[in-house]
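Colleague: Please take a close look at one part of this model for me, namely the nonpolar packing around its best-connected members. I would like one connected account, with the cut-offs stated as you go.

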Amino acid sequence: MNDLILIINAGSSSIKFSLFIQTAADPALLYKGQVEGIYVDPQFSAKNAAGDKLADEKLPADAPRNHDYALRYLLNWVQAHTEGRKLAVIGHRVVHGGTAFTKPVKVDASVLAELDTTIPLAPLHAPHNIGPMKTLAGLLPDVPQVACFDTAFHRTQPEINQLYALPVELAEREGIRRWGFHGLSYEYISSVLPDIDARAASGRTVVCHLGNGASMAALHKGLCVLTTMGFTALEGLPMGTRTGTIDPAIVLHLMTHLKMNAAEIESLLYKESGLLGLSGVSSDMRELHASSEPRARLAVEYFANRIVQQVGSLAAALQGVDALVFTAGIGENDDDLRRLVCAPLQWLGVHLDEAANKVRSGEPRRISTPQSTVAVYVIPTNEELMIARHALRCIGA
């Protein structure tokens, strides 16, 4: 016991970390932080488990502005704060596992080679997920590493829910299927639900993971039956700057009538649309709520409307709903959005407790009335803890 677990979540312009200590129960958080703005103006910050700031500093101006240097800088800070404890394992969040990886796996040379083949499936994320594993294998060769995949949780979907109506040969050759994402978040919710609502855990639950990236999933007995994201993290709900599902012929229209190229269309779909595009104000729900611009409110209501529609779709897939769970940044903190979602769902048996919905708390809580036949909960997610659990299991700790 008292060994340390380092969790790395590397994105396109940031590397986030969490440092846990192994205990007799769940791993306990010690520190968390990140290097952000890697290619522009790199900034390192760190806090302890209570949220007290321990570091907030610019990286050296003459240092390389890349992921490798950012990782080394972060690792130096972590190693200076181990207080003599041993680093037992490093866990990594990996966006895409393809068909090869359906559960967490201990990283070795053959795994790294296989991971490289998944890059075409997630070209914006996979290289940044995989790069730190290779760097850390050189810096800390005696510390085992474990890769945990956001797609893995969704492999329990029935095959019919994973397919697109494309020619079979093309889809199989190119790996075109409905992979689903945010799996580590859904897995965490599934793991804690039995202690919160045994009926929901053994029954039918719709989980809304609502953040800057947003998706939903239908769980039956804790396993995924259907999720809203598909081949990429662009499908499904509208998000901060992403369109969500649109008619694919819109892309053809942009190409043929506006002569937009692939890079321009990618930027439009991923970075200029969603809440930002609809409102013309912001991708941040807090700013949209505070704005007096009519289109800001329209964006909020549009987001809620699409969530309501997806609840209906997921309820149909489950053939009923026992519980509705809100999680992630918006889901956990935006009581107005939760109200907008729950109000049209009274036909389904959802009855919101307005007072409970307004309570701010970092703990799981029920926000529906006792009369509500669908129990509604706010449950904070913890993907990092889920990765820490997997990392320890994979090394047999």
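Modeller: Contact here means heavy atoms within 4.5 Å. This is a predicted model, in which local features need pLDDT of at least 70 and side-chain atom pairs count only at pLDDT 80 or more, whereas totals for chains, interfaces and linings use all residues. Residues are numbered from 1 along each chain as its sequence is written, and side-chain values use heavy atoms, with hydrogens and water left out.

Leu-337 is a convenient place to begin. Not counting residues up to four places away in sequence, Leu-337 touches Leu-210, Met-285, Val-300, Phe-303, Ala-304, Ile-307 and Ile-330. Leu-337 belongs to the largest nonpolar core, which has 47 residues, and within that core Leu-210, Phe-303, Ile-307, Leu-324 and Leu-337 touch the most other members. A nonpolar core is a set of buried Ala, Val, Leu, Ile, Met, Phe, Trp, Tyr and Cys residues joined through side-chain atoms within 4.5 Å, and buried means under 20% relative accessible area (exposed is over 50%, partly exposed in between; 1.4 Å probe, protein chains only). In soluble globular proteins, nonpolar side chains tend to be buried together.

The elements that give two or more residues to this core are strands S9 (204–210), S10 (214–220), S11 (223–227), S12 (323–327) and S14 (375–378), together with helices H11 (285–290), H12 (294–318) and H14 (335–342). Elements are DSSP runs numbered from the N terminus, with helices (H or I) of at least four residues and strands (E) of at least two. H12 supplies the largest share of the core, 11 residues. By these ranges, Phe-303 and Ile-307 fall in H12, Leu-210 in S9, Leu-324 in S12 and Leu-337 in H14. H12 lies across S9, S10, S11 and S12, and runs at about 20° to S10; axes are lines fitted to C-alpha atoms, for helices over the stretch in contact, and angles run from 0 to 180 degrees between N-to-C directions.

The strands beneath this description belong to an open sheet of 6 strands in the order S11-S10-S9-S12-S14-S13, with mixed pairing. Two strands pair if DSSP finds at least two bridges between them. S11 and S13 are the edge strands, since each pairs on one side only. S14 is joined to S12 by 4 bridges, and these two run parallel, while S13 (residues 365–366) is joined to S14 by 2 bridges and runs antiparallel to it.

Tyr-377 in S14 is worth following across the sheet. Tyr-377 is the bridge partner of Val-325, and Arg-366 also stands opposite Tyr-377, while Arg-365 stands opposite Val-378. Ala-375 and Tyr-377 point one way from S14, Val-376 and Val-378 point the other way, and all are buried.

Apart from the largest core lies another one, of 30 residues, among them Tyr-186, Ala-217, Ile-387 and Leu-392. Tyr-186 leads on to His-154, which sits in the loop between strand S8 (145–149) and helix H4 (159–162). His-154 has a relative accessible area of 0%, and so it is buried. Leaving aside neighbours within four places in sequence, His-154 is in contact with Gln-162, Trp-179, Gly-180, Phe-181, His-182, Gly-183, Tyr-186, Cys-224 and Thr-227. Of these contacts, Cys-224 and Thr-227 lie within the range of S11, and S11 is an edge strand of the sheet described above.

For comparison, the pairing at the start of the chain can be described in the same terms. Strands S2 (residues 15–21) and S3 (residues 28–36) pair in the antiparallel sense over 7 bridges, with Leu-29 in S3 as the bridge partner of Phe-20, and they form a hairpin with 6 residues between them. S3 then pairs with S4 (residues 43–48), again in the antiparallel sense, over 6 bridges, and Lys-32 stands opposite Lys-47 in S4. S3 and S4 form a hairpin with 6 residues between them, and Gly-37 in the turn has a positive phi of about 65°.
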